[in-house]
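Please walk me through this model, taking its charged pairs, its enclosed and open spaces and its nonpolar cores in turn.

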Amino acid sequence: MSDRYIIWEDKYNTGYKKIDDQHLELIEIINDLYDCMDNKDSRDETLKNEFKKALRKTVDYVGYHFSYEEKIMHVIKYHKILEHSSSHREFIQTIYNYVKSYENGSLDAISNLVQYLKDWFLNHILVTDKKFIKEVKEALEKLSEEE
């Protein structure tokens, strides 16, 4: 049994390798964030520094990943681009709210953020991204048939 917070499972595969690789990287980043808080005192300065570094990596990579997905959505004229992009913005705003809460002294903010990341991200892969990738594959098949 692994001691990782989130373990990649086949059910998370969307069938689009680059997106799946990015999702796997995001899961590892969330696992690193979890490791920062696991069995540690959230008031410890070393933990705070580790957490801030892991959090920055999370925010940066999430931004990169969402941007990549949204570029694909524009290219294929994804019919739910506004809804999907909006969920990305709400996600980022929620992360910033947890960060602010942490910076304002909330010791629960770290664990609440990590739980939120896990719940949101896995649901996003299993539901929203799978629908999106299905449409990407259909667009590629259509393009292939036109050649």
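## Charged pairs, spaces and cores

K134 and E138 are four residues apart in helix α4, which covers residues 109–146, so about one helical turn separates them. In this predicted model, the side chains of K134 and E138 meet in a salt bridge, with an N to O distance of 2.9 Å. K134 counts as exposed because its relative accessibility is 52%, whereas E138, at 38% relative accessibility, counts as partly exposed. Elsewhere, R4, E28, D32 and D35 are joined into one network by salt bridges that share partners.

The search of the whole structure finds nine salt bridges, and a second pair can be read in the same way as the one above. K17 forms a salt bridge with D21, and the closest N and O atoms of this pair are 2.8 Å apart. Both residues belong to helix α1, which runs over residues 17–37, and because K17 and D21 are four residues apart there, they are separated by about one helical turn. K17 counts as exposed, at 60% relative accessibility, while D21 counts as partly exposed, at 39% relative accessibility.

A further pair links two helices. R89 forms a salt bridge with E70, the closest N and O atoms lying 2.5 Å apart. R89 lies in helix α3 (residues 81–103) and E70 in helix α2 (residues 45–76), so this pair ties together parts that are 19 residues apart in sequence. R89 is partly exposed, with a relative accessible area of 43%, but E70 counts as buried, since its relative accessibility of 12% falls under the 20% cut-off. As a general background to such pairs, side chains of opposite charge can pair when their charged atoms come close.

Where, by contrast, does K53 lie? K53 lies in helix α2 and is exposed, with a relative accessible area of 67%. Between K53 and D21 there are 22 Å in space, C-alpha to C-alpha, and the two are 32 residues apart in sequence.

The discussion now turns from charged side chains to empty space. Rolling a probe the size of a water molecule over the atoms shows where empty space is left. The largest pocket holds about 240 Å³ of space, and its lining consists of Y16, I72, V75, I76, V136, E138, A139, L140, K142, L143 and E146. Helices α2 and α4 each supply at least two residues of that lining, and the largest share, seven residues, comes from α4. By class, the lining of the largest pocket has eight nonpolar, no polar and three charged residues. E138 thus appears both in the lining of the largest pocket and in the salt bridge with K134.

How many cavities of 30 Å³ or more does a search of the whole structure find? The search finds one such cavity, and about 40 Å³ of space lies in the largest cavity. Its lining is made up of L26, I30, T58, V62, F66, F91, L117, W120 and F121. The elements that give two or more residues to this lining are α1, α2 and α4. Eight of the lining residues of the largest cavity are nonpolar, one is polar and none is charged.

The nonpolar interior remains to be described. In soluble globular proteins, nonpolar side chains tend to be buried together. Here the largest nonpolar core has 32 residues, and within it L33, F91 and I95 touch the most other members. Helices α1, α2, α3 and α4 each supply at least two residues of this core, and α4 gives the most, with 10 residues. When residues up to four places away in sequence are not counted, L33 touches F51, A54, L55, T58, L113, V114 and L117. A second, separate core has nine residues, including Y68, Y78, F132 and V136.

Some residues recur across these descriptions and can help the reader to relate one region to another. F91, which is named among the core members that touch the most others, also belongs to the lining of the largest cavity. T58 and L117, both touched by L33, are likewise part of that cavity lining. V136, included in the second core, is also one of the residues that line the largest pocket.

How values were computed:
Residues numbered from 1 in each chain as written. Predicted model: local features only at pLDDT ≥ 70, side-chain atom pairs only at ≥ 80, totals over all residues. Heavy atoms only, no water. Salt bridge = Lys/Arg side-chain N within 4 Å of Asp/Glu carboxyl O. Buried < 20%, exposed > 50% of the residue type's maximum accessible area, 1.4 Å probe, protein only. 1 Å grid on protein atoms, 1.4 Å probe; cavity = no way out; pocket = protein on both sides within 12 Å on 5 of 7 lines; lining within 4 Å. Points joined across faces, edges and corners; volume = space filled by probe spheres on them. Nonpolar A, V, L, I, M, F, W, Y, C, P; charged D, E, K, R; others polar. Core = buried A, V, L, I, M, F, W, Y, C linked by side-chain atoms within 4.5 Å. Contact = heavy atoms within 4.5 Å.
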